[in-house]
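Open the structure in your viewer and keep the sequence beside it. This tour goes from one selection to the next.

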Amino acid sequence: MYRRILIPLDGSAAAELGLSEAMRLAFLNDAIIRLVCVVGELPLSLGIGVGCHSPKELRKLLREFGAEVLRNAARRVRARCIPVDSALFEAGELPFGERLAAEAEDWGADLIVIGSHGRRAVSRIPLNGGAMHLSRAVPMLLVREAAPKIERSSLQNRR
């Protein structure tokens, strides 16, 4: 059913859950996985002071972190004998949603698996322009982190 699964990664626990689900689906469908990391823009309000890195140095560190996230994820995927490749992009080229849409179209993805903490999941993906086309053309699977469990005893102590 799914032959080409695209998964954006950012190093978060939610993205790791998405990767686990993507690997399960890829294994069941004999599919290939494409890992994508979009290195974020630096906020203009970021103050650079003593002991901080320059914006150029921070961008370099973010690229290195993104590359490490991709390497570690690819290692996990290969350990399950699933074909994998990866791509690292700068956010300045296109906004996240548009970059994801362009990559899905260019690569020929037939499923995108996105890990989410569940609080702002879909709102983080701007569904305009290319991303709106993506949401219509390529199915997306949103994998949510489990909500923290609240023990009954802690609820009773609040009364």
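Select Leu6 and Arg34. Leu6 stands opposite Arg34, a residue of strand S2. This is a predicted model.

Now widen the selection to strands S1 and S2. They pair in the parallel sense, over five bridges. How does the chain get from S1 to S2? It crosses through helix H1. This β-α-β crossover is right-handed.

Go back to Leu6 and look towards strand S4. There, Leu6 stands opposite Ile112. Two bridges join S1 to S4, and these strands run parallel.

Stay on S1 for a moment. Is S1 largely enclosed or open? Four of its five residues are buried, so S1 is largely enclosed by the rest of the structure.

Next, select strand S4, residues 111-116, together with strand S5. Five bridges join them, and the two run parallel. For one such pairing, pick Ile114: its bridge partner in S5 is Leu142.

Zoom out to the whole sheet. In what order do the strands lie? The order is S3-S2-S1-S4-S5. These five strands form an open sheet with parallel pairing. Select residues 84-90 and then 140-144 to see the edge strands, S3 and S5. Each edge strand pairs on one side only. Turn the sheet to follow its twist, which averages 20 degrees from one strand to the next.

Add helix H3, residues 96-107. What does H3 touch? This helix packs on the sheet and touches S1 (4-8), S2 (32-39), S3 and S4. The direction of H3 makes about 160 degrees with that of S1.

Move on to helix H2, residues 55-79. H2 has 25 residues. From its first C-alpha to its last, H2 reaches 36 Å, close to the 36 Å expected at 1.5 Å a residue.

Which residues of H2 are buried? Colour Gly66, Val69, Leu70, Ala73, Ala74 and Val77: these are buried. Then show what covers them. The cover includes helix H1 (13-29), S2 and S3.

Finish just past this helix. H2 is followed by Cys81. Check its backbone there: the phi of Cys81 is positive, near 60 degrees.

Methods: Residues are numbered from 1 along each chain as its sequence is written. This is a predicted model: local features need pLDDT of at least 70, side-chain atom pairs count only at pLDDT 80 or more; totals for chains, interfaces and linings use all residues. Side-chain values use heavy atoms; hydrogens and water are left out. Two strands pair if DSSP finds at least two bridges between them. Axes are lines fitted to C-alpha atoms, for helices over the stretch in contact, and angles run from 0 to 180 degrees between N-to-C directions. Contact means heavy atoms within 4.5 Å. The expected span of a helix is 1.5 Å times one less than its number of residues. Buried means under 20% relative accessible area, exposed over 50%, partly exposed in between (1.4 Å probe, protein chains only). A crossover is right-handed if, with the strands pointing away from the viewer, the path from the first strand over the helix to the second runs clockwise.
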